[in-house]
Amino acid sequence: MAKVTIDGVEIEVPDGTTILNAARQIGGASVPPAMCYYSSLKGSGGKCRVCLVKVAQGSAKDPRPMPKLVASCSTNVMDGMVVQNLTSPEVLEARKGVVEFLLINHPLDCPVCDQAGECDLQNLAYEHGAAKTRYEEDRRTFEKIDIGDKIKLHMTRCILCYRCTMVADQLTEKRVHGVMNRGDASEISTYISKAVDNDFSGNMIDVCPVGALTDKTFRFKSRVWFTKPLDAHRNCTKCSGKVVLWMKDDEVLRVSARKDQYGEVKEFICNECRYDHKTLADWTVEGPRHIDRSSVIAQNHYEKIDLSTLKKEIDRQIEFQKGKPVPAPKTLAQ
Amino acid sequence: MGRQLLLEHIAEPGIETFAVYRKKGGYASVEKALKTMTPDQVTEEVKISGLRGRGGAGFPAGMKWSFLDRKSEKPRYLVCNADESEPGTFKDRYLMEKIPHLLIEGMITGSYALGAKTSYIYIRGEYMYIVGILEKAIDEAYANGFLGKNILGTDYSLDLYVHPGAGAYICGEETALLESLEGKRGNPRLKPPFPAVSGLYASPTVVNNVETIAAVVPIINNGGAEYAKIGIGKSTGTKLISASGHIKKPGVYEIELGVPVEEFIYSDQYCGGMLTNRPLKAVVAGGSSVPILPADLILKTAKGEKRLMTYESLSDGGFVSGSMLGSGGFIVMDDTTCIVRNLWSFARFYHHESCGQCSPCREGTGWMEKVLHRIEHGHGHMGDIDLLVDVAKKIEGNTICPLGDAAAWPVASAIRHFREEFEYHVKYPEKIKNPKHFAIEPFLSEKKLELVN
Ligand SMILES: Cc1cc2nc3c(=O)[nH]c(=O)nc-3n(C[C@H](O)[C@H](O)[C@H](O)COP(=O)(O)O)c2cc1C
Ligand code: SF4
Ligand code: SF4
Ligand code: FES
C-alpha cells in the first residue's frame, strides 16, 4: 500500500495505482481530467496530456520533486508522494495550453455536432480553456468517411486519443483499424477502407471523447439534451445487455453503453443491442438514468440557475483569462 | 590536429574491406575482450573512460550499460542507433560509409560486455546504400569468425543484423526505434519502463549511437583510463563534429573534446574560417534541436570565458546564454543568414516529423511553423513573436518524448537572441520580399537602421 497526498487530501491505495486513479478514489474537484486514458483499454493514456500534474515530492524515500509535470494517468504512486493538481498554477497553465492545442485544429462545429452536450472536449474547454482563440491559421481538414455502415468518422473532430484503435485491437476479433500518417496529418483509418464489421465495433463510438465517431443510426435525429436517458436491459447472448436508451417520447433514438462519471464504459455492449433493437418492447426499462457528469445533459434539461452563481462563474472565467489560478468550478445548476 | 581515435585510418585505401581493416589493427578489441576480459571488465573500462553518449543527450555510456537488467531471464539486446536524422548531423553516415568495420567491431565488443546474443543496427531508410556496405562488412566478419557461433573459438556467439527504417526522424528516439524494430508504428513509448529493463521485445536493451559504439573500440584497445586522459573534465575522449554552413571547409572532423570554439571555426585544421570572410552571425552547435547562439555568445560564455567544444562549456549559462553539444551538428551562419528563415525551416522539419501522439507536439509544432511562415513572408504582426515564445513554452516539458523540447528550444532561443530581427520582419514587410533578403542587405539593428536612413 502507498500513501499519497493529492491537493492536500491523503489517501492510501494499493501499490501500482496511478495518480489519476488515486485521485478518482478521492473524488471531487481534484480529479485531473482525462481525454485519452480509458481504464478498460490496455495501453491507453499518456497521449493527450490534459491530466498533467505536479509531483511536489517523489516519495517518502526520495522526497525530491519530479523535474517535469507528469501524466497522472500513467504515473504510478509511490509511498509518501505529494501531488498537486488544482493547487499548482504551473499545472493549470500547462493544462490551459494543452486545451488550446486540442482546440486549434478542432472545427468547433458544436452547433451541428451530435456529440455536443455530452462531449468531453466541450466540458474540458469549458473548465480549463480560454474563451478566445489565438489561432489565426488554417485548420486541418479531412473528408468525412464511413467506417462500416453504422459509424461515421469526422476526422476533423478527432483528438487522436487512440482509444478507438484500442477498441479495434482489444475488443474486436480482427484489427482493421489504426492510425495512418504522422504528426497533425495523422488520421484514424480502417485499413484501406475495409469495413469494420464485428460484434463489438460499435463501442468505438462510446469511447470516442469527441464527435469524431458517431452512430449513423442516430445522426441528426436530436440534440442529446432533448432526449431522455433510461437505463434498460435485455437478455443478450453476446454482451451484458445493460444499456442506456435515449428516448424522445416513446421512440428509442439511440442505444449506448452505460458510462460512469468519468465518461468510461464499464460494460461494453454488442452491435446487436446497439443498432438492432430500437423498439421499447425489446427492453426491460429500469428507470431514468442520472447522468453524473458536468455536461449539458447533466443539468437535466436546464435546471434553474440563480443569478449570483452565474455572476460568480463569469468572474471565475475572467480571472482565468488573466492567467490566475482558479478556484474549483461550481456546477451552475444547484 | 588532435589525436584521431576513430578516423585514424579513414584515408587508407580499402579500409572498408576486412583485409585492410584487420591489417591496420582492426578487431583487436574483440580479441582482447573475448580472450582476456570478462564482460563486466569490459563494462568497467567503458565506465572508467567517461565516454558519454554521442547521440545527443550525452548520458554516460558505462552507466547506461550497468543499468541493464542482468537478472532478467530474457535475452538481452544491444541496438545501434544509426537513424541519424537531425538536421546538421552527418557524422554517423561518414563513419559507416568509410570505415564500417569499426562499427561492427564495436558492436561485437559491446554485445559481449552486455551478454547480448543478437544485436541490431537500426539505420535510417535514406541510408539505403549504407545498408549494403554494412551487410558486406558483416558478411566478411562472419566469414572470418568474428560473428556467428563461437567467436574466435570462445563460447561467445553473436548474430548481427542491419534493419533499415522507413525514413522517420522520430525513429531515432530510442523507444520509437524499438517499436519500429519490432515492426510497429514508430511511436515513442511512455517511460518508465526504460529500455534497460524493458526494451526490444520487452527484454533488457541498450540503445547507443553509432559513434558511442565505435568509441568502445579504442577504449578497450588502449584502456579506459587512457581514453579519459583526452578531453576536459567530464567531457572525455574525441568527438566527431559535422561542420556545415558558411565555412571554408565543411565536413566531419574528429576533435579532442576541449578545442576552443573559435579555433574550431577559424583554424585551418578544422573549418578554415568563414566562407567569404563575412562576419560570423550565429552558430547552432549541436544539431537543429539545440539553442542557437549569436557570435559573441558562441565564442565566449556570458562570464567572458573562452567557449570550448565540451558538454559543459557549451551548456554554460543554461538556456539563457548557453546551448548544448548535442549530436555535434555544428552549423555556422554568416551575416547573410536570415534567422527567421532558418528557424522557419527548422520548425517545418519538426512539424513534419512529429509522430502526432501527444497533443502539445502534434498541434504546437504545426502552429509554430505556420506563424513563422507568416512572419518570414511579411504577414506577421508584433503579437506573433510573444505568441511563439508562449507556444514553445507550453510544448516544452509537457510531451511524451523530447522531440517536443527539440522543437521548442530553437524557437525560444532564436527569439531570445534575435528578437530585433523578428520585429524587423514584421515592421518592414517590403524589405524582406526577396527570399534572399539578407544576402542583398544584411540585417542591421534598428538603431543602426535609423542612422543609415
Ligand atoms: C526525436 C529524437 C531523435 C533522435 N535521433 C537520434 C538519432 O538519429 N541518432 C541517435 O544516435 N540518437 C538519437 N536520439 C537520441 C536517442 O533517443 C538516444 O538517446 C540515443 O540513441 C542514445 O545513444 P547514446 O547514449 O549513445 O547517445 C534522438 C532522440 C530524439 C528525442
Ligand atoms: S476518433 Fe475519437 S476515439 Fe478515435 S482517436 Fe479520434 S478522438 Fe479518439
Ligand atoms: S513529443 Fe512529438 S514526437 Fe514525441 S511522442 Fe509526442 S507527438 Fe510524438
Ligand atoms: S489522460 Fe493522461 S495523457 Fe491523456
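Which residues in α17(B) meet which residues in α18(B)? In this predicted model, the side of α17(B) is made up of Ile385(B), Asp386(B), Leu388(B), Val389(B), Ala392(B) and Ile395(B), and these meet Gly404(B), Asp405(B), Ala408(B), Val411(B), Ile415(B), Arg419(B), Phe422(B), Glu423(B) and Val426(B) in α18(B). Sorted by class, the contact of α17(B) with α18(B) contains ten nonpolar residues, one polar residue and four charged residues. The axes of α17(B) and of helix α18, which spans residues 403–427 of chain B, cross at roughly 170° and come within 9 Å. Because angles over 145 degrees count as roughly antiparallel, α17(B) is described as roughly antiparallel to α18(B).

A second pair of helices in chain B was examined in the same terms, since two packed helices are described by the angle between their axes and the distance between the axes. Helix α5 of chain B, residues 91–98, packs with helix α6 of chain B, residues 100–114, at an angle of about 95°, and their axes are 4 Å apart. The angle lies in the range of 65 to 115 degrees that counts as roughly perpendicular, and α5(B) is therefore roughly perpendicular to α6(B). The contact is formed by Leu95(B), Met96(B), Glu97(B) and Lys98(B) on the part of α5(B), and by Pro100(B), Leu102(B) and Leu103(B) on the part of α6(B). Of the residues in this contact of α5(B) with α6(B), five are nonpolar and two are charged, while no polar residue takes part.

The association of the two chains was considered next. The contact draws 35 residues from chain B and 34 residues from chain A, and the area buried between chain B and chain A is about 2800 Å², with carbon and sulfur atoms giving 48% of that area. Between chain B and chain A there are six salt bridges, and 22 residue pairs are in polar contact, both residues being at pLDDT 80 or more. In one salt bridge, the side chain of Arg134(A) meets that of Asp390(B), with a distance of 2.8 Å from N to O.

On the side of chain B that touches chain A, the elements giving two or more residues are α15 (339–353), α16 (359–376) and α17 (383–395) of chain B. The largest share of this side, ten residues, is supplied by α16(B). By class, the residues of chain B that touch chain A divide into eleven nonpolar, 14 polar and ten charged. Helix α17(B) thus appears in two settings, as an element of the side of chain B that touches chain A and as a partner of α18(B) within chain B.

Technical notes. Residues numbered from 1 in each chain as written. Chains lettered and ligands numbered in written order. Predicted model: local features only at pLDDT ≥ 70, side-chain atom pairs only at ≥ 80, totals over all residues. Heavy atoms only, no water. Contact = heavy atoms within 4.5 Å. Buried area = accessible area lost by both parts, 1.4 Å probe. Salt bridge = Lys/Arg side-chain N within 4 Å of Asp/Glu carboxyl O. Polar contact = N/O pair within 3.5 Å; in protein donor to acceptor, adjacent residues only side chain to side chain. Nonpolar A, V, L, I, M, F, W, Y, C, P; charged D, E, K, R; others polar. Axes fitted to C-alpha atoms, helices over the stretch in contact; angles between N-to-C directions. Parallel < 35°, antiparallel > 145°, perpendicular 65-115°, else oblique.
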